[in-house]
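Colleague: I should like to go through this model with you, one question at a time. Please give the reasoning before each result.

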Amino acid sequence: KSFPDVPDMDPRHAMRLVKDNNVVFIDVRKPEEQTVSMLPGAITQKAYLENPDKYGGYIKIAYCTIAYRSGKFAQKLKKKGITVFNLRGGILAWVHADGKVYNQHGQIHRIHVYGRRWNLGPQEYEAVW
């Protein structure tokens, strides 16, 4: 585990929590990655940082492609006393656990990865890099 001091969240557990409407996903990826697809109801890192108090009552789960950048983000916030879970395995683990991703038009089967080396999504997903 790259971030032993940061709590992580299994994708399937996160999916169950979404049903309770008390979760906010924080996407720490770059805008060009977010344009391809995001988790349901996710907000950008920028949106969260502009008004963190707005999400005080929510379970906060950060994510990126493989959970490294989101782990760094959660680690940084932990030092400020804010608990943010790191989505274990990132968006790749999410789609492998049958999680859905969306773009501005609705559900989609596309995810942004860094290149052929990270083209690890399920077969039905188109990888973009």
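Modeller: Before we place any residue, a definition is needed: helices are DSSP runs of H or I with at least four residues, strands are runs of E with at least two, and both are numbered from the N terminus. Please also bear in mind that this is a predicted model.

Colleague: Where in the chain is the place of Ala42?

Modeller: Two elements flank this residue, namely helix 2, covering 31-36, and strand 3, covering 43-44. Ala42 belongs to neither run, and its place is in the loop between helix 2 and strand 3.

Colleague: Is Ala42 buried or exposed?

Modeller: Setting aside residues up to four places away in sequence, Ala42 touches Phe25 and Tyr63. Its C-alpha is 9.4 Å from that of Ile61, a residue 19 places apart in sequence. The cut-off for burial is under 20% relative accessible area. Ala42 has 19%, so this residue is buried.

Colleague: In what order do the elements of the chain run?

Modeller: The secondary structure comprises five helices and nine strands. Read from the N terminus, the order is β-α-β-α-β-α-β-α-β-α-β-β-β-β.

Colleague: What is the radius of gyration of the chain, and how does it stand against the globule rule?

Modeller: The C-alpha trace spans about 40 × 30 × 25 Å along its principal axes. For 129 residues the globule rule gives 14 Å, and the chain lies close to that value, so it is as compact as a globular protein of that length. The radius of gyration of the chain is 14 Å.

Colleague: Among contacts between residues at least 6 apart in sequence, what percentage join residues at least 24 apart?

Modeller: One pair separated widely in sequence illustrates the topic: Glu32 and His112 are 80 residues apart in sequence, yet their C-alpha atoms are 8.6 Å apart in space. Glu32 is found in helix 2 and counts as partly exposed at 49% relative accessibility. For the chain, the percentage of these contacts that join residues at least 24 apart is 63%.

Colleague: Which element gives the largest share of the largest nonpolar core?

Modeller: This core has 22 residues, and those touching the most other members are Phe25, Leu39, Tyr63, Trp94, Val101 and Ile111. Two or more residues come from each of helix 1 (11-18), strand 2 (23-27), strand 4 (59-63) and helix 5 (90-96). The largest share, four residues, comes from helix 5.

Colleague: Which residues does Trp94 touch, leaving out those up to four places away in sequence?

Modeller: Trp94 is one of the core residues that touch the most other members. Its contacts include Pro11, Ala14 and Met15, and also Gly99, Lys100 and Val101. The remaining names on its list are Phe25, Leu39, Pro40 and Leu87.

Colleague: How many residues are in the other core?

Modeller: In soluble globular proteins, nonpolar side chains tend to be buried together. Apart from the largest core lies another, with Val24, Tyr48, Phe73 and Leu77 among its members; its number of residues is 14.

Colleague: Against which elements do the buried residues of helix 4 pack?

Modeller: The buried residues of helix 4 are Ser70, Gly71, Phe73, Ala74, Gln75 and Leu77. Phe73 and Leu77 are also among the members of the 14-residue core. The elements against which these buried residues pack are strand 2, helix 3 (45-50), strand 4 and strand 5 (85-87).

Colleague: What is the relative accessibility of Leu87?

Modeller: Leu87 lies in strand 5. Beyond residues up to four places away in sequence, its contacts include Met9, Leu39, Ile61, Tyr63, Ala67 and Trp94. Leu87 counts as buried, and its relative accessibility is 0%.

Colleague: What is the phi of Ala67, and what is that of Asp98?

Modeller: Most residues other than glycine have a negative phi. Ala67 lies in the loop between strand 4 and helix 4 and is buried at 10% relative accessibility, whereas Asp98 lies in the loop between helix 5 and strand 6 and is exposed at 57%. Both values are positive: phi is near 85° for Ala67 and about 70° for Asp98.

Definitions and conventions:
Residues numbered from 1 in each chain as written. Heavy atoms only, no water. Core = buried A, V, L, I, M, F, W, Y, C linked by side-chain atoms within 4.5 Å. Buried < 20%, exposed > 50% of the residue type's maximum accessible area, 1.4 Å probe, protein only. Contact = heavy atoms within 4.5 Å. Rg over C-alpha atoms; globule rule 2.2 N^0.38 Å.
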